[in-house]
Amino acid sequence: MGVTRAGQRVVVLGAGMVGVACALSLRQRGLSVTVLDPLGPGAATSHGNAGVLARSSLMPFNHPGLWSQLPALLQGKNPGFRYHLPWVLGQWRWGLSFLSHARTAAFLETTTALDALIRESGSVHRRWMVEAGIAQHRRDDGWLFLYRSQAGFDGGAFGRETLARFGVATQVLDARALRELEPHLKPVFPRALWVQDASAVDNPAAVVRGYAAWLQTLGGSVLTDEATGLHRHSSGWTVHTRAGSALDAEHVVVALGPWSRDFLRGQFGLKLPMAFERGQHRHLRPAEGTVLNRPVYDTAGGYVLAPMAQGLRLTTGVELNAQHAPAHKGQLEAAESAAREAMPLGERTTDPDWLGSRPTLPDCRPMIGECPGHDALWLALGHQHIGFSTGPGTGELLAQLILGETTTIDPHPFRPQRFLRA
C-alpha cells in the first residue's frame, strides 16, 4: 500500500480498552479513525476487570513453577482455577502449546516483553487520563497480595524473585504492617506483599468511555454497529456492517478481544490459537463503618476484591471453558464465601453478576502487528486478563508500526507470525 500518511482512513473493530487505545494513538497521529462495536465503548470484557494497572501483571500463568502446581490444579479444587474438561480436551493443541511456554526461556521472553508493554502503557495511561479529563478515577496506592499462611507466602517466592529482577517496587508486610494499611481486613493474613508499582481505577468502563469521548473530541468517530464482512480491493478495505453501512478505509484494525477468533476464521479461514480465561464479578457493599483502600488479591481464596464506584467488586480467578458456555456460579459463590472470611461485607448490590471471557494465546502475549498474507489488516488481540494494563502501550506500538515510526518497545515478541502464517 505504500507509505501511510496523515488523513488516511482506519476502521478499528472493537471498542474495548485495546481498540479505543489503538484508535486514540492513530488519531493523534493524524489518521481518520472510525471505531465499530455493537455494544459501545467499554461494555464487554473491559467492563468487568478489577481495574488494576500493575507492573506485577508481567507474570504469566504459564511460568516454570506451573509444572509442580499442575497435579493439584487438575484436581479442580483450586478456587482460583476451574476448567470444563470436555472443552479443555477439545483444545489439547492449545493446551500443549501453553504448557510448552512454561519453560524458562519462553517465560523470560514473555516477562521481558510484557514488562516493556506494561511500563509503556502505564506512562501513556497517566498522560491520557489527564488529557481526557478522567484522572479522578485513578488511585496510586498500589495493591496487595494476601497470604493466609507462612507456607502460602513461601510458595510465592518465585513470583517475588521475578518482580525483584524486573525492578518492581514491593514491600513485604507482617500482620501488623498490613493492619496499618488496611485496618478493616480481618486478622487472617499473617503475611502480605504490597506491590507499590501499581495503580487502580474505580470504574474501568467509565475510563474506556472517557477515552472514547476524548477520541470524538479529537475528530474520531465511534459507531454502535458490528462489522459483518471485510472486502479487500486495490485501494484498501471495505467494511460492511450489520446496519447496512459500507465503510472504506486504507487500514483495518481487529481488536475484538475474545470475538477475534471466530471473526478471523469466518472472514479469512485463519485459525487463531485462542482460549478463554472466563471470569465473573459481583458487587458487594462494605459493612457499615469499614473501608478498603486498595485492591487486594487473596492468593488462597483465588479472588480479587477492589473498591469501585459501585461498591466492592469481587472478581473470580480463571475458568477455562468455551466463550459462550453458561455461567457456573460455584466459583463466584466460593469467592464470596472466602471474601467474607477476610473482610466485613454487607449485602450484594442490585448490579447483576457479570461474566466475561479473557482471550489468551499460548504464550500469554498479545498479537500486535500486520496479519500475515493480508496487507493493511492489523491485529491487536489476545491480551488475556491484562488488556486494561496493556491497552495504551498496544495502541502506541500498533500506530508506530502502521506509520513506519521507530517503535518505543520491541515489537518482535508480539508479531502475529509466531502463530499465523500467510
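A residue counts as buried when its relative accessible area is under 20%, as exposed when that area is over 50%, and as partly exposed in between (1.4 Å probe, protein chains only). The model is predicted, so that local features need pLDDT of at least 70 and side-chain atom pairs count only at pLDDT 80 or more, while totals for chains, interfaces and linings use all residues. Residues are numbered from 1 along each chain as its sequence is written, and side-chain values use heavy atoms, with hydrogens and water left out.

**Exercise 1.** Find the salt-bridge partner that links Asp 115 to a distant part of the chain, and state whether each of the two residues is buried or exposed.

*Solution.* Begin with the criterion, which asks for a side-chain nitrogen of Lys or Arg within 4 Å of a carboxyl oxygen of Asp or Glu. Asp 115 meets it with Arg 55, where the closest N and O atoms are 2.8 Å apart. This pair links distant parts of the chain, since Asp 115 belongs to helix α5 (residues 104–132) and Arg 55 to the loop between β3 (52–54) and α2 (66–74), 60 residues apart. Helices here are DSSP runs of H or I with at least four residues, and strands are runs of E with at least two, numbered from the N terminus. Finally, Asp 115 is buried at a relative accessible area of 5%, and Arg 55 is also buried, at 15%.

**Exercise 2.** Which salt bridge does Asp 115 form with Arg 119, and how are the two residues placed in helix α5?

*Solution.* The closest N and O atoms of Asp 115 and Arg 119 are 2.9 Å apart. Because the two residues are 4 residues apart in helix α5, about one helical turn separates them. Arg 119 has 44% relative accessibility and therefore counts as partly exposed.

**Exercise 3.** Describe the salt bridge between Arg 340 and Glu 336, and place the pair in its network.

*Solution.* The two side chains meet at 3.0 Å, N to O. Both residues lie in helix α11 (residues 330–342), 4 residues apart and so about one helical turn from each other. Glu 336 is buried, with a relative accessible area of 7%, whereas Arg 340 is partly exposed at 28%. Beyond the pair, a network of salt bridges links Arg 282, Lys 329, Glu 333, Glu 336, Arg 340, Arg 348 and Asp 353. The structure holds 24 salt bridges.
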